[in-house]
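This report describes helix packing and a few selected residues in one protein chain. Please keep the sequence and the structure in view while reading.

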Amino acid sequence: MNNPVIKEALNYEMVFSQDEIKRRQYEIQEKAIRDYNSTILYNRQEGLKEGLEKGLKEGLKKGAEDKAIEIALKMLENGSDVNFIADVTGLSVEKINEIKK
């Protein structure tokens, strides 16, 4: 309490806490800051969740397509018909012909 800076800060706090209007303005400002931070955090979490879901879907789709291409290659090596390969793998005839090359 002997520090003049601390004494001055305590005096400002006392004056501030006695001024109802300033205190209310401060509380409103603090609430706005908390609301803003909460909104930013929520939006970030939702964005991460959405990105993860999208990434997983794309990854699964890519993995399934890679597996279908692998199966198509094996079937082509064994002399299977392109239309039959398309039926089995779900790949288009054009894609199978592209793989064939």
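Which backbone oxygen lies 2.7 Å from a polar atom of the side chain of Thr89? It is the backbone oxygen of Ile85. The model is a predicted one, in which local features need pLDDT of at least 70 and side-chain atom pairs count only at pLDDT 80 or more, while totals for chains, interfaces and linings use all residues. Residues are numbered from 1 along each chain as its sequence is written, and side-chain values use heavy atoms, with hydrogens and water left out.

**Thr89 and helix H3**

Thr89 belongs to helix H3, residues 82-89. Helices are DSSP runs of H or I with at least four residues, numbered from the N terminus. The side chain of Thr89 also reaches the backbone nitrogen of Leu91, at 3.2 Å. Such a polar contact is a pair of N or O atoms within 3.5 Å; within protein, one must be able to donate a hydrogen and the other to accept it, and residues adjacent in sequence count only if both atoms are side-chain atoms.

With a relative accessible area of 16%, Thr89 is buried. Buried means under 20% relative accessible area, exposed means over 50%, and partly exposed is in between (1.4 Å probe, protein chains only). Leaving aside residues up to four places away in sequence, Thr89 touches Ala68, Ile71, Ala72, Met75 and Ile96. Contact here means heavy atoms within 4.5 Å.

The buried residues of H3 are Val82, Ile85, Ala86 and Thr89. Seen down the axis of H3, these residues fall within an arc of 100°, so they line one face of the helix. The arc is that of the directions from the helix axis to the C-beta atoms. H2 and helix H4 (93-100) are included in what covers the buried residues of H3.

At the start of H3, a side-chain oxygen of Asp81 comes to within 3.2 Å of the backbone nitrogen of Asn83. After H3 comes Gly90, which has a positive phi, near 85°.

**Partly exposed residues in and beside H3**

The table lists three residues, each with its location, its relative accessibility and one C-alpha to C-alpha distance.

| Residue | Location | Relative accessibility | C-alpha to C-alpha distance |
|---|---|---|---|
| Val88 | helix H3 | 47%, partly exposed | 9.0 Å to Ile71 |
| Ser92 | loop between H3 and H4 | 36%, partly exposed | 9.2 Å to Val82 |
| Ser80 | loop between H2 and H3 | 25%, partly exposed | 26 Å to Leu60 |

In sequence, Val88 and Ile71 are 17 residues apart, Ser92 and Val82 are 10 residues apart, and Ser80 and Leu60 are 20 residues apart. Ser80 touches Met75 and Ile85, not counting residues up to four places away in sequence.

**Helices H1 and H2**

How do H1 and H2 pack, and at what angle? Helix H1 (residues 4-18) packs with helix H2 (residues 20-77) at an angle of about 95°, and their axes are 5 Å apart. The two helices are therefore roughly perpendicular to each other, a term for angles of 65 to 115 degrees. Axes are lines fitted to C-alpha atoms, for helices over the stretch in contact, and angles run from 0 to 180 degrees between N-to-C directions.

On the H1 side, Phe16, Ser17 and Gln18 meet Glu20, Lys22, Arg23 and Tyr26 of H2. By class, this contact has two nonpolar, two polar and three charged residues. Ala, Val, Leu, Ile, Met, Phe, Trp, Tyr, Cys and Pro count as nonpolar, Asp, Glu, Lys and Arg as charged, and the others, Gly among them, as polar.

Terms used:
Parallel < 35°, antiparallel > 145°, perpendicular 65-115°, else oblique.
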